[in-house]
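Colleague: I am new to this structure and would be grateful for a close look at a single part of it. Please begin with that part and then relate it to the rest of the chain.

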Amino acid sequence: MIEEKIYKVKLTKTEQKVLDFIMVHKEEACYYTSVELAEAVQVSGATVIRVVNKLGFSRFSQFKKELQTEVMSQRENLSQTQTSPARLQDVKKMGEREILNACMAAQQQNLKDAFLKNGYDKYIWIADMILQADRVFLVGYRMAVGAVDFFGRLLKLSRGHVVCITEIGMMTEELYDLKESDCVVMICHPRYSENVLLTLELVRESDCHLVVMTDKITEPVTNGADYVLVAERRGSSYFNSYLGMIANVEMLMSIISSKSFTETESRLEMREKYLDRNRQY
């Protein structure tokens, strides 16, 4: 454990500041690059590397991988979910107005948590990664299909070379030639299907950029991701809520459309021209 190594090293006050930040924000820090970590702590990049070296790692990537492994080991304690039949029984005990109030309260909390847990910077960093990629692949199966379609329709108005993959057959056709310059955005929530795990295995082997949108940063599907965007799924009935996930898509697209204003404006004008010709309003 990295915590165990701390007691064996001597750090300056500035270096200790880096380590304290990592331990307090372990779930987020395990996906930072050395530059992002330095910016978050407001120290130099050299200071971050010195801390990593003193902990016994020759490269920051080695430290990052071990930190991710430690976070993943905590998953069993953090990902216990109530089954749908049990949740339905809870609803049976509630009155109709009580159900609606519970639903509204859950949705408000989901939206609040989606922003608080991710923070400003993560949306901006992911937006930059998506815009700088040669190609962007949006992937999601089953209940995530709607979010992928929504994200894809908006993203195609801000940049080209966007592919939406919602079936395992499409995965085998589209992802085998992934390059390091590509970016894959995987939208998934438990319970994970074999299709999700197979897709992520293929993506990790390609060394392309990976963004995972899920409900907890400690889920196994986040291992190896450049960034993880989380959204709570709490609901008031037997089904999970996807409002937080859609909110994350909207926040990302608000940043992306601003950063690519000229291209977005041009594509919107072209779309409007053809919508008018087809009499779509």
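Modeller: What follows treats one helix, H13, and then its surroundings.

The model is predicted, and residues are numbered from 1 along each chain as its sequence is written. Local features need pLDDT of at least 70 and side-chain atom pairs count only at pLDDT 80 or more, whereas totals for chains, interfaces and linings use all residues; side-chain values use heavy atoms, with hydrogens and water left out.

The protein has 14 helices and 5 strands; these are DSSP runs (helices H or I, at least four residues; strands E, at least two), numbered from the N terminus. Helix H13 covers residues 243–259, 17 residues in total. From its first C-alpha to its last, H13 reaches 25 Å, close to the 24 Å expected at 1.5 Å a residue (the expected span being 1.5 Å times one less than the number of residues).

Which residues of H13 are buried? They are Gly244, Met245, Ala247, Asn248, Val249, Leu252, Met253 and Ile256, where buried means under 20% relative accessible area, exposed over 50%, and partly exposed in between (1.4 Å probe, protein chains only). These buried residues pack against two helices, H9 (96–132) and H10 (145–155). They also pack against three strands, namely E3 (183–187), E4 (209–214) and E5 (227–230). In the protein as a whole, buried residues make up 43% of the 281 residues.

The loop between E5 and H13 contains Ala231, which counts as buried because its relative accessibility is 3%. Ala231 and Met245 are 14 residues apart along the chain, yet their C-alpha atoms are separated by 5.4 Å. Leaving aside residues up to four places away in sequence, Ala231 touches Gly244, Met245 and Asn248, and also His189, Thr214 and Asp215; contact here means heavy atoms within 4.5 Å. Across the protein, of the contacts between residues at least 6 apart in sequence, 72% join residues at least 24 apart.

Two of the elements packed against H13, namely H9 and E3, also border loops that are joined by salt bridges. A salt bridge is a side-chain nitrogen of Lys or Arg within 4 Å of a carboxyl oxygen of Asp or Glu. Side chains of opposite charge can pair when their charged atoms come close. Arg135 forms a salt bridge with Asp182, with the closest N and O atoms 2.6 Å apart. Asp182 lies in the loop between H11 and E3 and Arg135 in the loop between H9 and E1, so this pair ties together parts that are 47 residues apart in sequence. Asp182 is buried, at 1% relative accessibility, whereas Arg135 is partly exposed, at 22%. Arg135 also forms a salt bridge with Asp177, where the closest N and O atoms are 3.7 Å apart. That second pair likewise links distant parts of the chain, 42 residues apart, with Asp177 in the loop between helix H11 (168–174) and E3 and Arg135 in the loop between H9 and strand E1 (136–139). Asp177 is partly exposed, with a relative accessible area of 40%.

A search of the whole structure finds 8 salt bridges. Another of them joins the side chains of Arg50 and Glu15, at 3.1 Å from N to O. Arg50 belongs to helix H5 (residues 45–54) and Glu15 to helix H2 (residues 13–24), and the two residues are 35 apart. Glu15 is buried, with a relative accessible area of 2%, while Arg50 is partly exposed, with 39%. Together with Lys54, these two residues form a network of salt bridges.

Two loop residues call for a note on backbone geometry. Gln42, in the loop between helix H4 (34–41) and H5, has a positive phi of about 65° although it is not a glycine. Gln42 is exposed, with a relative accessible area of 67%. Arg142, which is found in the loop between E1 and H10, has a positive phi of about 50° and is not a glycine either. Arg142 counts as exposed, at 63% relative accessibility.

Finally, the surface of the protein comes to about 15,500 Å² of exposed area, of which carbon and sulfur atoms supply 52% (Shrake-Rupley method, 1.4 Å probe; for residues, only the protein chains shown count as cover).
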